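Reader: Hello! I would like a close look at how charged side chains pair up in this model, and at the parts of the fold they belong to. Could you walk me through it?

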Amino acid sequence: MPAKSSTIVTALTTAAVVVVGVLGYQAAASAPDTLTQARKDSHHRAPKEHSEQGRKKGKAPAPAEVPAASGKGRRIVYSLDAKRVWLVGPKDKALRTFRVAPSAVSPPLGSYAVSSRSVSVTGSDGIAIEHVVRFASVDSVTIGFSAAVNGSMPDAGSAKKTGGIRESREDGKAMWDFALHGTKVVVVS
């Protein structure tokens, strides 16, 4: 008895879906965690070693101290002048600190709270970003921390008014895990 054409189409479609799934899994498994090569048409640069973890092998430099005028308790501290973030635990000890690339629009000094989060979106500069943690708005520009999926950092000379404070993907994941909705964010000079 000859097979019906609908059975053949179903079998071929199922086989194709399985093959695509296997190839997708293999591609994801072999991709590096950090993709640092920027697109050729991008005005972004690939980051230099950006995280405090993994700097020089051997003796690591002492981590920067949490700014004294940043309050007390569990919080995120962002220093505009130092271009640095501290994730501070409940006993006022820095759990992690790292440098960031500031946004073109800076938030005023003061205390804020994490107002929204997104796993992945396209940034205002057109770059795919992940682990977005928003906490302020200045003149209709939303300010928040994020990591570019391609590992790039914003062009410091850009005149575009963006609010994304860029961090490495590794630091972005740490920020995402720490910065739940409502987490205090303190901006200092």
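Which residues are linked in a network of salt bridges?

Author: Happy to. Please keep in mind that this is a predicted model. The network of salt bridges links Arg-96, Glu-170 and Asp-171. A search of the whole structure finds six salt bridges, and several others are worth a visit.

Let us set the scene with the sheets. One is an open sheet of five strands in the order β3-β2-β1-β9-β4, and its pairing is mixed. Strands β3 (94-99) and β4 (110-113) are at its edges with a single partner strand each, so each has one side without a neighbour in the sheet. On average, neighbouring strands here are turned by 20° against each other, direction ignored. Helix α2, residues 169-178, packs on this sheet and touches β1, β2 and β3, with its direction at about 140° to that of β3.

There is also an open sheet of four strands, ordered β5-β6-β7-β8, again with mixed pairing. Its edge strands are β5 (116-122) and β8 (164-166), each pairing on one side only. Here the average turn between neighbouring strands is 35°, direction ignored. Helix α2 packs on this sheet as well, touching β5, β6 and β7, and its direction makes about 60° with that of β6.

Now back to the charges. Side chains of opposite charge can pair when their charged atoms come close. From helix α2, Arg-169 meets Glu-130 in a salt bridge, 2.6 Å from N to O. This pair links distant parts of the chain, as Arg-169 lies in helix α2 and Glu-130 in strand β6, 39 residues apart. Both Arg-169 and Glu-130 are buried.

Further along helix α2, Asp-177 forms a salt bridge with Lys-173, and their closest N and O atoms are 2.8 Å apart. These two residues are four apart in the helix, which means that about one helical turn separates them. Asp-177 counts as partly exposed because its relative accessibility is 46%, and Lys-173 is partly exposed too, at 40%.

Finally, Arg-75 forms a salt bridge with Asp-92, with 2.9 Å between the closest N and O atoms. Arg-75 is in strand β1 and Asp-92 in the loop between β2 and β3, so to speak of sequence, 17 residues apart, and the pair links distant parts of the chain. Arg-75 has 2% relative accessibility and therefore counts as buried, whereas Asp-92, at 30%, counts as partly exposed.

Technical notes. Residues numbered from 1 in each chain as written. Predicted model: local features only at pLDDT ≥ 70, side-chain atom pairs only at ≥ 80, totals over all residues. Heavy atoms only, no water. Pairing = 2+ DSSP bridges. Axes fitted to C-alpha atoms, helices over the stretch in contact; angles between N-to-C directions. Contact = heavy atoms within 4.5 Å. Salt bridge = Lys/Arg side-chain N within 4 Å of Asp/Glu carboxyl O. Buried < 20%, exposed > 50% of the residue type's maximum accessible area, 1.4 Å probe, protein only.
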